[in-house]
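Student: I have a protein model open and would like to learn how to read it. Could you walk me through it step by step?

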Amino acid sequence: MKKHLITFAWACTMLAAPAFVAAQQMDPNMPGMQHDAKPADAQGMGVVKAIDTGKGTITLQHEAIAAIGWPAMTMPFKVASPDLLKVAKVGDKVTFTLHPAGMASTLTAIRPAR
Ligand SMILES: [Cu+2]
């Protein structure tokens with residue numbers, strides 16, 4: 001189980017990296033554009049597989065997130081606030097907002113989807 005999570009998380013990093021590089025390359029020579037432009041936050045849907053209040057992570061079996069080119073997978077996410085870990089419990093179906101940055105991706109919002 002642990003091996004699976006590591007493998008999936010690694011795949012996510014590999015897939016997220018090109019999108020991040022592309023966003024960085026749009027910055028120069030574009031006056032009037034935001035110089036601190038980063039990949040936009042993305043919406044996803046998934047099922048809670050684990051919650052670790054010690055590490056501040058929530059593991060989601062998430063569906064594909066087309067906006068950032070992620071396939072469906074199970075992976076742990078850091079949460080922007082510990083309060084987000086109290087919103088859902090293991091087994092819940094949730095929708096979430098994430099700030100994409102490969103393995104450093106952060107969940108900024110999560111809510112039950114029923
Ligand atoms: Cu993922």
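Tutor: Gladly! Let us begin with one pair of strands: β1, residues 42-52, and β4, residues 93-99, pair in the antiparallel sense over 6 bridges. Keep in mind that this is a predicted model.

Student: Which residue in β4 does Gly44 stand opposite?

Tutor: Look across from Gly44 and you will find Phe96 in β4.

Student: How many helices and strands does the protein chain have?

Tutor: The protein chain has 1 helix and 5 strands. Follow the sequence from its start and the pattern reads α-β-β-β-β-β.

Student: In what order do the strands sit in the barrel?

Tutor: Trace β1-β2-β3-β5-β4, and you have gone round a closed barrel of 5 strands with mixed pairing. From one strand to the next, the twist averages 50°.

Student: What should I look for to see the mixed pairing?

Tutor: Compare the two neighbours of β3. On one side, strand β2 (residues 57-62) runs antiparallel to β3, and 6 bridges join them. Gln61 shows this pairing well, with Thr74 as its bridge partner in β3. On the other side, β3 and strand β5 (residues 106-112) run parallel, joined by 2 bridges. There, Val79 has Leu107 in β5 as its bridge partner.

Student: Is β3 mostly covered or mostly open?

Tutor: Mostly covered: of the 7 residues in β3, which spans residues 73-79, 5 are buried. For the whole protein chain of 114 residues, buried residues make up 34%.

Student: Which residues touch the most other members of the largest nonpolar core?

Tutor: They are Ile58, Leu60, Phe77, Phe96, Leu98 and Leu107, in a core of 19 residues. Each of β1, β2, β3, β4 and β5 supplies at least two residues of this core. The strand that gives the most is β3, with 4 residues.

Student: Let me zoom in on one of them. Which residues does Leu107 touch, leaving out those up to four places away in sequence?

Tutor: Its contacts include Ile58, Leu60, Phe77, Phe96 and Leu98. Leu107 also touches Lys78, Val79, Ala80, Leu84 and Thr97. Now step back to the whole protein chain: among contacts between residues at least 6 apart in sequence, 52% join residues at least 24 apart.

Student: What about charged side chains? How many salt bridges are there?

Tutor: The count comes to 2 salt bridges. To find one, look for a side-chain nitrogen of Lys or Arg within 4 Å of a carboxyl oxygen of Asp or Glu. Asp83 and Lys86 make one of them, at 3.3 Å from N to O. Lys89 and Asp92 also form a salt bridge, and their closest N and O atoms are 3.4 Å apart.

Student: Why does Asp83 count as partly exposed, and why does Lys86 count as exposed?

Tutor: Exposed means over 50% relative accessible area, buried means under 20%, and partly exposed lies in between. Asp83 counts as partly exposed because its relative accessibility is 48%. Lys86 counts as exposed because its value is 67%.

Student: And is Asp92 buried or exposed?

Tutor: Asp92 is buried, because its relative accessible area is 9%. Its partner Lys89 counts as exposed, because its relative accessibility is 51%.

Student: One last thing: how much of the accessible surface belongs to carbon and sulfur atoms?

Tutor: The protein chain has an accessible surface of about 6900 Å², and 63% of that belongs to carbon and sulfur atoms.

Note on methods
Residues numbered from 1 in each chain as written. Predicted model: local features only at pLDDT ≥ 70, side-chain atom pairs only at ≥ 80, totals over all residues. Heavy atoms only, no water. Pairing = 2+ DSSP bridges. Axes fitted to C-alpha atoms, helices over the stretch in contact; angles between N-to-C directions. Buried < 20%, exposed > 50% of the residue type's maximum accessible area, 1.4 Å probe, protein only. Core = buried A, V, L, I, M, F, W, Y, C linked by side-chain atoms within 4.5 Å. Contact = heavy atoms within 4.5 Å. Areas by Shrake-Rupley, 256 points an atom, 1.4 Å probe, with all protein chains shown as cover.
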